[in-house]
Structures are given as structure tokens and as C-alpha cells.
Amino acid sequence: MIDKRRYVLTVCFLLLVSGKCVYAQPASYILIAHRGGVVDSSYTENGIPALKKALEEGYKMIEIDMRVTRDGVLIANHDADFKRFYGFDKKVVDADWKEIKNLKSSLDGNSPQKLEDILIFCRKNQLGVMLDNKIRGLDTVLFNRLLKMLDENKLRRSALTIGTDESTEFFTGKLRLSCSRKQLEENMRKPGFKPDHYFLFERPANLSSEDVAWAKEHGFMTVAAINKFHYRKSTDFMADAKRDCDRMKEIGVNNFQIDSEFQVFLK
């Protein structure tokens, strides 16, 4: 009697070596490192050591939190001030670059980084960028300087952006902007609409299989956000995050913006 399991494996092997195997390879997930790299109790957010660790761990993109100092320097910093990592209780918008450039993180000795230097690191290491714009208002001179930096580092075409209401119109068509499904449906009715001007960006609680299928049908990239903040009321945030990751994979999501604790669920 034929061993069915051995027969199936043999056939698959023969198809594989002949170049005609119909069995799909495991899905490859694009990981976007939330808050500027692999961030845990050892690494500072938006820091060079965290970036290097993300590169080592195989991330393809880095989410960078973008702010501007009082003297107009674009920097990478999540918080509105420097207190949490650097012990400097002053807001970014009230500080000059000369005041903050030599601050040292208590975790890994990192100093606050100019956005330009982060972009250079990403270009040299073939990492894409997701920009989280935390700058209030519409400063077109500043934002045009940002676009120039992205162009100089050949990052603009692939860049993703989490925008603000004030800057959305300026960046439309210049950078790919994050949207909910409702926002995408509204944008589709506007003159000059193109799918590659936007991407669907949601936490799993707000993302259904129908949403993912709809986005694919209309040419939108989908990115699921698996972030610790979403589980702040959970009694077992790792179990909940795993459940969300598994469901996102099942419904066809391939791109994930994640905190580094959750990368184990997407290997």
C-alpha cells in the first residue's frame, strides 16, 4: 500500500526542483519599527543603537517621530519634551539644537538625533521610512526642506507618512499618507485622486477582512499597527497582541508597524 504522506512529499519535491511547485512559500511580512527602531528597556526611542538593532533584526522600515526645535532643526523625538530618556524637562519647541545635541540617554548613551542623520542612516542601510509628523501647523518652508532631504536620500518614493489635518493638503501627492477606510473613500471622490497617494493604516480592532480585501481591490497598501498603547487596559497584552497578529495574517495583511516585543509573532 502506498504511503500517501511520502507520495505527496515526493511529488512536491519533484515539482519544486522542476520550477513548477504550486505550493506557496511562507508569507514574508514587512516590519516597520515603531518609535524609531527596536525599543525596549535597553534602547532609546529614535536612537542610533535602536536603529542598528532594528537593522540586525531584519526590519524593512523605521517609523520616525518628527519634531522641530525652536531654532528650526528637524529632529527625531517621540515625546513633546526630553524628560523621559534624557532627564531634560524642556519642550522640543522651546529648546535650541545647541541645548539638546549633547544630551545623553540613561539607557544607551544615545543623543537626540537630527532627522537628516536618521535619513542618511536609513539610505546607507536600505531602510524605508514612515514619518510620524508631530509638528503643529503648516510650515511649507520647513516641509519643503523635509521633502528635499527625502529626495537627497532617495527615500521619498517609498516613504509613508502619518500626517496632521493642517499638513494633509500640502503633502497629498508628495508623500503617501495614512488614512482610515472612511477617509480613503472620501479621497477617492476628489479630483486628481491616485491610490498611491495613500495607504490604509489601522489597529486590528478597526480592521476587518472585508477592509483588507477592499483596499487590495482599489490598490491601497494596508498597514496594521500593533502597538503597546493599544493594549494598555489588557490583563495579558502579549496574548492579545498575538491574537491580533494571527488574525491580521489570516486576513492577508503583510505590513505591520510594531513595537519590538511583538516581532516574535511575525517571524
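Visitor: Hi! Let's start with a cysteine: is C122 buried or exposed?

Guide: C122 counts as buried, because its relative accessibility is 0% and the cut-off for buried is under 20%. One thing to keep in mind as we go: this is a predicted model.

Visitor: Noted. And what about C179, buried or exposed?

Guide: C179 is buried too, with a relative accessible area of 6%.

Visitor: How many disulfides does the structure hold?

Guide: The count is 0 disulfides.

Visitor: Okay, zoom out for me. How many helices and strands are in the protein chain?

Guide: There are 10 helices and 12 strands. The chain has 267 residues, and 45% of them count as buried.

Visitor: What share of the contacts join residues at least 24 apart?

Guide: It comes to 60%, taken among contacts between residues at least 6 apart in sequence.

Visitor: Let's go pocket hunting. What volume does the largest pocket have?

Guide: Its volume is about 530 Å³. The lining is made of 27 residues.

Visitor: Which of them lie nearest the centre?

Guide: Those are I162, G163, S178, C179 and Q183. You'll recognise C179 from a moment ago, the cysteine with 6% relative accessible area.

Visitor: Which helices or strands supply at least two residues each to that lining?

Guide: Three strands and a helix do: β2 (61-68), β9 (176-179) and β10 (198-202), along with α8 (181-187).

Visitor: And how does the lining break down by class?

Guide: You get 12 polar, 9 charged and 6 nonpolar residues.

Visitor: Which residues are nearest the centre of the second largest pocket?

Guide: H34, R35, E45, K228 and D259, out of 13 lining residues. The volume of that second pocket is about 240 Å³.

Visitor: How many of its lining residues are charged?

Guide: The charged group has 7 residues, with 3 polar and 3 nonpolar beside them.

Visitor: R35 caught my eye. What is its phi?

Guide: R35 has a positive phi of about 60°, although it is not a glycine. For background, most residues other than glycine have a negative phi. R35 sits in the loop between β1 (30-33) and α2 (48-57).

Visitor: What's the phi of N46?

Guide: That one is positive as well, about 60°, and N46 is not a glycine either. N46 also lies in the loop between β1 and α2. With a relative accessible area of 3%, N46 is buried.

Visitor: Switching to helices. Which residues of α9 are buried?

Guide: Helix α9 covers residues 209-217, and D211, V212, W214 and A215 are its buried residues. Seen down the axis, they fall within an arc of 160°, so they line one face of the helix.

Visitor: Why would residues a few places apart point the same way?

Guide: An α-helix has 3.6 residues a turn, so residues three or four places apart end up pointing the same way.

Visitor: Which exposed residues are on the face turned away from the buried side of α9?

Guide: K216 and E217 are the exposed residues there.

Visitor: What covers the buried residues of α9?

Guide: The cover includes α8, β10 and β11 (221-226). As it happens, α8 and β10 also supply residues to the lining of the largest pocket.

Visitor: And which residue with a positive phi follows α9?

Guide: G219 does, with phi near 85°.

Visitor: Any closed-off space to talk about? How many cavities of 30 Å³ or more are there?

Guide: The count is 1 cavity, and it holds about 80 Å³ of space. Of its 13 lining residues, N77, H78, D79, F85 and Y86 are the closest to the centre.

Visitor: Which element gives the most to that lining?

Guide: Helix α3 does, with 4 residues. β4 (81-82) and α3 (83-86) each supply at least two. By class, the lining has 5 charged, 4 polar and 4 nonpolar residues.

Visitor: Last one: where does D132 sit?

Guide: D132 is in strand β7 (residues 128-133). D132 counts as buried at 12% relative accessibility.

Visitor: Which residues does D132 touch?

Guide: Leaving out residues up to four places away in sequence, D132 touches E63, I64, D65, M66 and I162. I162 is also among the residues nearest the centre of the largest pocket.

Conventions: Residues are numbered from 1 along each chain as its sequence is written. This is a predicted model: local features need pLDDT of at least 70, side-chain atom pairs count only at pLDDT 80 or more; totals for chains, interfaces and linings use all residues. Side-chain values use heavy atoms; hydrogens and water are left out. A disulfide is a pair of cysteine sulfur atoms within 2.5 Å. Buried means under 20% relative accessible area, exposed over 50%, partly exposed in between (1.4 Å probe, protein chains only). On a 1 Å grid over the protein atoms alone, a cavity is a set of points where a 1.4 Å probe fits but cannot get out, and a pocket is an open set with protein on both sides within 12 Å along at least five of seven lines; lining residues have an atom within 4 Å of a point. Grid points are joined across faces, edges and corners, and a volume is the space filled by probe spheres set on the points. Ala, Val, Leu, Ile, Met, Phe, Trp, Tyr, Cys and Pro count as nonpolar, Asp, Glu, Lys and Arg as charged, and the others, Gly among them, as polar. The arc is that of the directions from the helix axis to the C-beta atoms. Contact means heavy atoms within 4.5 Å.
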